[in-house]
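Subject: The structure we talked about

Hi,

Here is the structure I promised to pass on. Have a look at it first, and then read my notes underneath.

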Amino acid sequence: MSAFRNLPIARKFAVAFGIVCSLCIVLGIYSFFTFRAIASRSTDIDKDSFPSVIALAEVRGAANTIRREDLELMLCQTPACTFDHRAKRQKSLDAYQAGVKTYESMFDTPQERELYQKLTANYSQYLDASNRAGALLAAGKTGDALDLISSDSVVAEFNTGLAAISDSLNFNAKTGMDEANFMALASNRALWVNTGATFLIVLLCALTGMVLTRLIAPPLQAAAAALERVAEKDLTVYVDESGTDEIGRLATALNTSVASMRSVLQSFAQGAETLSAATTEISARSVESAGNAHTQSSKTNQIAAAAQEMTATGS
């Protein structure tokens, strides 16, 4: 505290508010990078994870619809039924291809690329078998088409392709959840850090105000009171000299000034006393001289009288 007391006032304020400003800057930098990371993760979720989940959900729904329409085609007995289910199958196939193309434009990690390649390769095998079954059905070989589409190998190909779609879907869903959890934790952590830092900054501001007020206000009040007493012609005042800052130097200068004025007045008082003593002595000597003159005058008068008497006797 003594070292801080001896600092110049400008440096006191610079140190005190420099600490507060530094904390504000650190808090601002932390908040900037934290919220920037949250915004980046939010963008990833908004433009990648959730759209990928939606696209893959559509892909999986389309894949299941294609399988169902393949089986429905095997059961059709009329051209109208066949035409209707073929139209539905083609619509689902278009939706599948559109979803795959949409998903392809979104992934940006090697793991997603690997899952995508597995997805397209596995389900393409089922689509090949489905197209062959459709060709057999169009050629009137319904039995062969039914045997092919319901064979264990084709069922396995379909299940493998569907599993690959589900793996990609689960991966993106998990990635999105992880990103969301990260943002929630980061936001919660940033909230507590900002709250704590704000409380600390407010506490430091209050403490800084109290310390500066305690160091500056009492000495200034004492100096002001001393000057008021000097204005009332009281030269016995004395201010405690604490520290070597501007206020400490002010107290020293005030004490020195009062001491100088007191010394000058004492010198004047001593001179006045000396002058008064000299005046008294001169006055006494004047009185003595006047007495001597009176005595001399009396003697002169006596001599003149005697002379006149002697003159009268001689006549």
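Below is what I found, going from the cores to the disulfide and then the salt bridges.

First, some small print. This is a predicted model, where local features need pLDDT of at least 70 and side-chain atom pairs count only at pLDDT 80 or more, while totals for chains, interfaces and linings use all residues. Residues are numbered from 1 along each chain as its sequence is written, and side-chain values use heavy atoms, with hydrogens and water left out.

Let's start inside. A nonpolar core here is a set of buried Ala, Val, Leu, Ile, Met, Phe, Trp, Tyr and Cys residues joined through side-chain atoms within 4.5 Å. "Buried" means under 20% relative accessible area, "exposed" means over 50%, and "partly exposed" is in between (1.4 Å probe, protein chains only). The largest nonpolar core has 29 residues, and the members touching the most others are I66, Y96, L119, Y123, Y126 and I165. The elements giving it two or more residues are α2 (9-75), α3 (79-104), α4 (110-138), α5 (142-149) and α6 (152-231). Those labels come from DSSP runs numbered from the N terminus: helices are H or I with at least four residues, strands are E with at least two.

If you want one residue to click on, try I165. Leaving aside residues up to four places away in sequence, I165 touches L56, V59, R60, A63, Y96, L119 and Y123 (contact means heavy atoms within 4.5 Å). There is also a second, separate core of 9 residues, with V230, L235, V239 and A251 among them.

Now the cysteines. A disulfide is a covalent bond between the sulfur atoms of two cysteines, and the test used here is a pair of cysteine sulfur atoms within 2.5 Å. The structure holds 1 disulfide: C76 and C81 are the partners, with their sulfur atoms 2.1 Å apart. The link between C76 and C81 is left-handed, with -55 degrees about the S-S bond. C76 is buried at 13% relative accessible area, whereas C81 is partly exposed at 25%.

What about C24? C24 is in no disulfide, and the nearest cysteine sulfur, that of C21, is 6.1 Å away. C24 counts as partly exposed, at 38% relative accessibility. C205 has no bond to C24 because its sulfur is 6.8 Å from that of C24, the closest cysteine sulfur, which is too far. C205 is partly exposed too, at 34%.

Last, the charged pairs. A salt bridge is a side-chain nitrogen of Lys or Arg within 4 Å of a carboxyl oxygen of Asp or Glu, and that rule gives 4 of them. Here are three worth finding on screen:

- D70 pairs with R89, their closest N and O atoms being 2.6 Å apart. This pair links distant parts of the chain, since D70 sits in helix α2 and R89 in helix α3, 19 residues apart. D70 is buried at 3% relative accessibility, and R89 is buried at 10%.
- D84 pairs with K88 at 3.5 Å between the closest N and O atoms. The two are 4 residues apart in helix α3, so about one helical turn separates D84 and K88. D84 is partly exposed at 34%, and K88 is partly exposed at 39%.
- K174 meets D178 at 3.0 Å, N to O. They lie 4 residues apart in helix α6, so they are about one helical turn from each other. K174 is exposed at 53%, while D178 is partly exposed at 39%.

Cheers
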